[in-house]
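Good morning, and thank you for the opportunity to present. I ask you to keep the sequence and the structure in view while I speak.

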Amino acid sequence: MRICKEFLLLECKSVRAVLQETLRFEYGAGGSRDFFDECEIRLSFIKQELQNTADDDHKRLQHYAILINALSDLIARIERSSIGEYSWPFVDEVKRIAAVICTENTLASPTTPPTVHVLSGGGLDKYEINVEQKKPFGGKRRILTIVFPRSLKHFVLLHPVLGHELGHAIRGSQFEALLDKIIREKLLQGSAKFGDPTITAAWLYDQNAPADFKPLLPALGGNANQFFGYYADWQSWVDEITCDLIGLVTFGPSFAAALCQLLYTLAPTGNEYSPYHPPAACRVNLILSAMRILGYEQIAFENPAHLTATQNFWNKLKSHQKNEQWYELFTDKQIQDTLDNLRAWLSSHPPAKYDAPTPNTLGNLLDLLAKQIPPIGFEVDAQGEPECVDVDFRHILYAGWIASHASSNEEFVRVNRLCEHAIMQQRAISIFKGTTT
Ligand SMILES: [Zn+2]
C-alpha cells in the first residue's frame with residue numbers, strides 16, 4: 001500500500017492526464033485555453049506543496065487531498081459540457097456581462113475577470129451559476145460554471161433568468177460589499193417587512209396574511225421568531241430578492257417575463273416558499289413594481305399594431321400580480337432608491353446595464369419577427385441602401401417575448417429559434433462593423 005503523500009502525488013499525475021484529455025472537447029466559442037491554464041496553475045501549486053510536505057504532516061496532507069479532489073471535480077464537470085448542449089450565442093453575451101461585474105481584485109489586476117464555463121443539467125430549475133466562493137490557493141481567476149437546462153437549449157427567451165444567477169456570482173467579487181451596502185441602506189433599512197428576521201417573521205405570521213398562505217406555515221407553538229433559524233434562512237431570502245433586482249437591471253423586461261414563466265410553472269399558486277426562497281408571488285410582485293417604477297411599459301410607438309402587441313404583453317405579465325398588499329415587500333421609494341443606485345453602479349461597467357430600446361428599434365425587430373425573419377439590426381438608409389446596425393441582444397429578447405406572448409407552444413418554439421439565430425447573427429454584424437470583438 002502506498003503512503004498518503006505518495007498516493008496524492010500519483011493522483012496529481014492522474015488529474016493532469018485527465019486535464020490533457022479534456023482539451024479534446026469544444027467548450028464554447030472562446031475555446032478552453034483559459035480553463036486549461038487556470039487548472040494547470042492550480043495543479044502545479046498543489047503538487048509542489050505536496051512535495052514540500054512531510055510524510056507525517058497529516059493535517060497538511062488532508063488539506064491538499066481536499067484541494068486535489070475539488071480540482072478533479074471541477075475538471076470532470078467541465079468535461080461533461082460540450083458546445084452542442086447549450087445556446088452558445090446567448091452564453092457569449094452573458095460572458096460579456098459577467099466579465100465586468102464579477103471581477104475580483106488579484107495580484108495580476110484589480111479587476112480580474114472570471115473564467116466562465118458552461119454545462120447543461122436536467123430540470124427546469126437548473127438555471128444556475130456555480131461560483132467558487134473563494135479562489136483556491138495557486139489560482140489566478142475564479143471559475144464560474146453556468147448551468148442551462150438541457151431541455152431548454154434553444155429557449156433563449158427563458159435564458160435571461162440567468163441575470164438572477166449573475167447576482168449570486170457577484171458574491172466573492174470585488175463588488176460584493178458595494179452591492180450589500182446598496183441593499184442594506186436603500187432597500188432593507190426601515191423596511192416594515194424585511195427590516196430584520198424578526199420583522200419578516202411577524203409579517204409572515206400576520207393575522208392579515210392571505211388565507212391560502214397561512215396553512216403553509218409551521219405552527220411553531222405561537223413563536224413566529226423561530227421561523228428563521230429552524231425553517232428558513234433570512235439572508236438567503238434577502239439574497240434571492242437582491243438577485244432578482246440584479247436580473248432586472250441587467251436584462252430588463254425579458255428577465256421579468258422569464259422569471260414569471262419559470263416561477264409560476266414551478267410554484268403555481270405563488271405562495272410556495274422554501275428555506276432559501278421567499279414566496280414566489282412576492283418576488284414577482286416586486287419585479288412588476290420595479291418595472292412600473294422604471295417606466296419600461298411606456299414606449300411611444302407610432303405604429304398602432306406595435307402598441308397593441310406590446311400592451312398585450314404587458315397586460316399578460318401584470319396579470320401575474322397578486323393584488324393583496326401583503327405580497328408587496330417594499331415601498332416605491334425603497335425600490336426606486338435601490339434601482340437608482342444599482343443602475344448608477346452598472347452604468348460605469350458597460351454592457352452590464354440594461355437600457356430600454358427606442359420605439360424605432362423595437363418596432364423594427366417586431367416587424368422582422370412578423371415576417372419570420374431573425375430580428376436583427378437591419379435598416380434601409382436614406383439612399384435606399386441596406387445597412388446593418390448594432391442592436392443589444394436584450395432588445396431581441398424583449399421583442400421575442402412581445403411577439404410570442406399570446407401564441408401557441410409551436411409559435412413560442414419558433415420565436416425562440418428566430419431570436420437565438422438573431423443573437424448569433426447580430427454578433428456577426430457587430431464583429432463585421434468592428435463594434436465588438
Ligand atoms: Zn437564487
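Let me begin with a term: two strands are said to pair if DSSP finds at least two bridges between them. With that in hand, and noting that the model before you is a predicted one, we may turn to the sheet. Three strands form an open sheet in the order 1-3-2, and the pairing is mixed. Strand 1, residues 115-121, and strand 2, residues 128-131, stand at the edges. Each of these two has a single partner strand, so one side of each is left without a neighbour in the sheet. From one strand to the next, the twist averages 25°.

In what sense does each pair of strands run? Strand 1 and strand 3, which covers residues 143-149, pair in the parallel sense over 7 bridges. Strand 2 and strand 3 pair in the antiparallel sense, over 4 bridges. I can name some of the partners. Thr115 stands opposite Ile143 in strand 3, Val116 has Leu144 as its bridge partner, and Val118 has Ile146. For Glu128, the bridge partner in strand 3 is Val147.

Next, how covered are these strands? Of the 7 residues of strand 1, 6 are buried, so strand 1 is largely enclosed by the rest of the structure. In strand 3, 7 of its 7 residues are buried. As a general point, the side chains of a regular strand alternate between the two faces of the sheet. In strand 3, both faces are covered. Ile143, Thr145, Val147 and Pro149 are buried on one side, and Leu144, Ile146 and Phe148 are buried on the other.

I ask you to hold on to Ile146, since it leads us to the nonpolar core. Which residues have the most contacts inside the largest nonpolar core? They are Ile146 and Ala256, in a core of 114 residues. Helix 11, residues 280-294, gives the largest share of this core, namely 10 residues. In soluble globular proteins, nonpolar side chains tend to be buried together. If we leave aside neighbours within four places in sequence, Ile146 is in contact with Val91, Val94, Val116, Val118, Ile129 and Leu162. Val118, as you have heard, is also the bridge partner of Ile146.

Let me now step back to the whole chain. The protein chain is divided into domain 1 (4-174), domain 2 (177-347) and domain 3 (359-433). Taken over C-alpha atoms, the centres of domain 1 and domain 2 are separated by 31 Å. Where the two touch, 14 residues of domain 1 are in contact with 17 residues of domain 2. On the domain 1 side, the elements that give two or more residues are helix 4 (88-101) and helix 5 (162-170). Helix 5 supplies the largest share of that side, 6 residues. By class, the domain 1 side has 9 nonpolar, 4 polar and 1 charged residues.

A further residue to find on your screens is Leu397, in helix 15, residues 393-404. Is Leu397 buried or exposed? The cut-off for a buried residue is 20 or more other C-beta atoms within 10 Å. Leu397 has 31 C-beta neighbours inside 10 Å, and therefore counts as buried. Its C-alpha atom is separated by 8.3 Å from that of Pro160, although the two residues are 237 apart along the chain. Leaving aside neighbours within four places in sequence, Leu397 is in contact with Val156, Leu157, Pro160, Ser254 and Cys419.

I shall finish with some details of the backbone. Most residues other than glycine have a negative phi, and most peptide bonds are trans. Against that background, Leu220 has a positive phi, near 60°. Leu220 lies in the loop between helix 7 (197-204) and helix 8 (227-231), and is partly exposed, with 14 other C-beta atoms within 10 Å. Gln372 likewise has a positive phi near 60°. Gln372 is found in the loop between helix 14 and strand 4 (378-380), and it counts as exposed because it has 9 C-beta neighbours inside 10 Å.

Where is the cis peptide bond that I wish to show you? This bond joins Pro350 and Pro351, with omega about 5°. Pro351 is found in the loop between helix 13 (332-347) and helix 14 (359-370).

Thank you for your attention.

Definitions and conventions. Residues are numbered from 1 along each chain as its sequence is written. This is a predicted model: local features need pLDDT of at least 70, side-chain atom pairs count only at pLDDT 80 or more; totals for chains, interfaces and linings use all residues. A nonpolar core is a set of buried Ala, Val, Leu, Ile, Met, Phe, Trp, Tyr and Cys residues joined through C-beta atoms within 7 Å. A residue is buried if 20 or more other C-beta atoms lie within 10 Å of its own, exposed if 12 or fewer, and partly exposed in between; C-beta atoms are placed from the backbone. Two residues are in contact if their C-beta atoms, placed from the backbone, lie within 7 Å. Domain bounds come from an automatic or database domain assignment. Ala, Val, Leu, Ile, Met, Phe, Trp, Tyr, Cys and Pro count as nonpolar, Asp, Glu, Lys and Arg as charged, and the others, Gly among them, as polar. Axes are lines fitted to C-alpha atoms, for helices over the stretch in contact, and angles run from 0 to 180 degrees between N-to-C directions.
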